[in-house]
2 protein chains.
Amino acid sequence: MQTSNRVNQLKKSAIHEMTRLSKQYDDVAFLSWAKPSSGTPAHINEAAIKAIQKGLTSGYSQAEGLPELRELIAEKLKHDNKIKAKASEIIVTVGAIEAMAASVTAIIDPGDEVILLTPTYSTHITQVKLASGIPVLVPLNENIGFEPDFEAIVKSITKKTKAIILCTPNNPTGTIFSEDELKTFAKIAQKNDLYIIVDEAYEYFVYDKHKHFSIASIPGMEDRVISVYTFTKSYAMTGWRVGYLHANENLIAQIKKVHIPFAICVPVVSQYAAIAALKGSQNCITNFRNEYQNARNLMCERLDCLDEHFQYVKPAGSYLMFPKVLDNRADNSFEFSKLLLKEAKVSTTPGIAFGPNGENHVRLSFCVPDDMINKAFDRIERFYK
Amino acid sequence: MQTSNRVNQLKKSAIHEMTRLSKQYDDVAFLSWAKPSSGTPAHINEAAIKAIQKGLTSGYSQAEGLPELRELIAEKLKHDNKIKAKASEIIVTVGAIEAMAASVTAIIDPGDEVILLTPTYSTHITQVKLASGIPVLVPLNENIGFEPDFEAIVKSITKKTKAIILCTPNNPTGTIFSEDELKTFAKIAQKNDLYIIVDEAYEYFVYDKHKHFSIASIPGMEDRVISVYTFTKSYAMTGWRVGYLHANENLIAQIKKVHIPFAICVPVVSQYAAIAALKGSQNCITNFRNEYQNARNLMCERLDCLDEHFQYVKPAGSYLMFPKVLDNRADNSFEFSKLLLKEAKVSTTPGIAFGPNGENHVRLSFCVPDDMINKAFDRIERFYK
């Protein structure tokens, strides 16, 4: 008796494995989880408490989410993402992750191919495998700031290709795809009749002169883009597990057939928290962005002092970066992360978790206080001395 | 450009479709959703509020759930289900539904067969299809109280059969599998090297002299049973979306590879609510059970007065029943449910939603106040006059 090939082929999540290992040590400097160390803003917590007190959170909501929440999301998509969205084009999901899983399952059949640009969030690759699809990994070009190699992407398209999964701002590199690049992706999708599934979880965390752009806002892309967003990153609400996806109504009807057997609906208390997030002041996002930008700058400065050991692309977005490890103190990135944990008590995520060309890298999260960054880098400096 | 065959083949959920249609009318008597009309007990709500106030709900928990919650669940499984459970053998899930979806995905590959006994909860059938598996539907024998037909079950096993999905107490029939019947299932599974995935969502709602029995408590079944439970039904917490599964550690490791890409973790606020549910007085369950038993008796009495039109098996468990519609006022069960909604303003779930042999039945929920049952049946009586 054997579990399925689809799960047997999967390695344990390196992210969760590092968390587990990190717990074996005291006083670890933690740069390995994409979980903001700030708490959920008070007005969001208060709205959740009020909803419980009013008795609104006991029973299921509509599978696609509370109507008021979907109306607010449609407004947000119009205003912030320039997407002509309607409430009927939205499903509220268990974070971005369930949105991605349900979308992939709705789009592909066993044997279908999905193009992913690596290094990327490993769970996207896993989700394709769980749907018995074939992930086709096309490397981003690190030498030019992890930009897409469109020639290689076009070459990788076959008759079995059903979709391209994008992640912008990208986890783990912190790079963003520009409007021009996304227009090129749109043309490729149209020419080859492909879907685009785009994870925009870090949409608000974009720094310097960079701008976040949503591919679903490009005219003519309405029928082929599924856009995925989440409250969990924007409002420091990872524990609340609430996100959403936008697509046209035909696609929504199909994705809902997966969303219901995966979750029925999102916890109603989290949906009320999300309503408060959209209705309340958006200053919390600005504050988080400023904090993360400062933290990024600090992390880059600390890395600059270690330029014999690390080489990096400065993140334009997200709260993650993906330095290359230049020296050979360990056989591979997982061994390196384990070594750094053991010797320096710094927890990082091994690059291999993000695709084969993530090897010889580590992912570092800068959604942590300056103290944590300094503590980690003081220890890394000692480790190299 | 087409979505996947696996979703294209699926019809819209009849349950959710009836909900949608019901909203087009005012003052509907609602017997169609398996959602208790009572609210979540106050002490559970209060614990959730306290967890928010203490700042415990902002960030992810461990993917498998809070350690304290899993310890409490292990105790409950030992005490109530006679399963020798450890906290490391548990994953907290987004209701029973995500537990079932993750288990099926972890067990089967495309083309694998799964036996289901119909009428049964349609989502179980859908989950097999979403995993590109083949649901093999074996009818329960209505003439002997929807009992399993073991000869037919054994005959339906092929080399491709990977698992049997059971639901006890059964949604929609309200029947339960006895200890003897479950021992027979266990023998069949052992002889044919099959997994058993069992949905015990309604474990506490068992009436008269009937007893709930957990197949995982049978010695020798440790390696092949995945048992699924939920707080949502036991504690009137459907909106909180928190359930769990139990299996041996090897299976847990494989199912976790699906749980993470489906949900990452269950909303932490719901996990704190679940801790309070297990730690607090269990009187609420006793009260719910008594309420449902009285409601069941009332519904049966009202059906007895309509014995020209309905024939039913008295439910031994759950808060659902599945009467057969004897007259032919509509072409099929969906048309009948729509007719009853339009003419009598009573919302029911069409039997076809629970497998082909559910045709000519309706599912009625008795997790509603007596007033609602009486109102619905007064209207049904007028409908037939």
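Q: What rotation superposes chain A on chain B, and with how much shift along its axis?
A: A rotation of 180° with 0.0 Å of shift along the axis does it, at an RMSD of 0.0 Å. That is the relation of a two-fold axis. The copies are superposed by least squares on the C-alpha atoms of residues with pLDDT of at least 70 in both.

Q: Before we go on, what kind of model is this, and how are things labelled?
A: This is a predicted model: local features need pLDDT of at least 70, side-chain atom pairs count only at pLDDT 80 or more, and totals for chains, interfaces and linings use all residues. Residues are numbered from 1 along each chain as its sequence is written, and chains are lettered from A and ligands numbered from 1 in the order in which they are written.

Q: Back to the axis. Which C-alpha of chain A is nearest to it?
A: That of Ile49(A), which is 2.8 Å from the axis.

Q: How many residues does each chain put into the contact?
A: Chain A gives 61 residues and chain B gives 61 residues. Two residues are in contact if their C-beta atoms, placed from the backbone, lie within 7 Å.

Q: Which helices of chain A supply at least two residues each to the side that touches chain B?
A: H1 (5-8), H3 (42-53), H5 (95-107), H6 (122-130), H10 (249-263) and H11 (268-279). H10(A) gives the most, with eight residues. Helices (H or I, at least four residues) and strands (E, at least two) are DSSP runs, numbered from the N terminus.

Q: How do the residues on that side of chain A divide by class?
A: There are 30 nonpolar, 23 polar and eight charged residues. Ala, Val, Leu, Ile, Met, Phe, Trp, Tyr, Cys and Pro count as nonpolar, Asp, Glu, Lys and Arg as charged, and the others, Gly among them, as polar.

Q: And what does H10(A) do with H5 of chain B?
A: H10(A) and H5(B), residues 95-107, pack at an angle of about 105° with their axes 5 Å apart. They are therefore roughly perpendicular to each other. Axes are lines fitted to C-alpha atoms, for helices over the stretch in contact, and angles run from 0 to 180 degrees between N-to-C directions. Angles under 35 degrees count as roughly parallel, over 145 as roughly antiparallel, 65 to 115 as roughly perpendicular and the rest as oblique.

Q: Which residues meet there?
A: Pro261(A), Phe262(A) and Ala263(A) from H10(A) meet Ile97(B), Glu98(B) and Ala101(B) from H5(B). By class that contact has five nonpolar, no polar and one charged residues.

Q: Switching to domains: how is chain A divided?
A: Into domain 1 (5-40 + 283-384) and domain 2 (59-279). The bounds come from an automatic or database domain assignment. Their C-alpha centres lie 24 Å apart.

Q: How many residues of each domain are in contact?
A: 34 residues of domain 1 of chain A are in contact with 36 residues of domain 2 of chain A. On the domain 1 side, H12 (283-304) and E10 of chain A are the elements that give two or more residues. H12(A) has the largest share, seven residues. The classes on that side are 17 nonpolar, 12 polar and five charged.

Q: What about E10(A), which sheet is it in?
A: E10(A) belongs to an open sheet of three strands in the order E10-E14-E13, with antiparallel pairing. E10 (320-321) and E13 (349-350) of chain A are the edge strands, each pairing on one side only. Two strands pair if DSSP finds at least two bridges between them.

Q: How many bridges link E13(A) and E14(A)?
A: Two, with E14(A) covering residues 362-365. Thr349(A) stands opposite Arg363(A) in E14(A).

Q: Over in chain B, how do H13 and H14 cross?
A: H13(B), residues 333-344, and H14(B), residues 370-384, have axes that come within 10 Å and cross at roughly 95°. Leu340(B), Glu343(B) and Ala344(B) in H13(B) meet Arg379(B), Ile380(B), Arg382(B) and Phe383(B) in H14(B).

Q: Where's the cis peptide bond that has omega near -10°?
A: From Thr168(B) to Pro169(B). Pro169(B) sits in the loop between E5 (161-167) and H8 (179-192) of chain B. Another cis bond joins Asn171(B) and Pro172(B), with omega about 20°, and Pro172(B) is in the loop between E5 and H8 of chain B.
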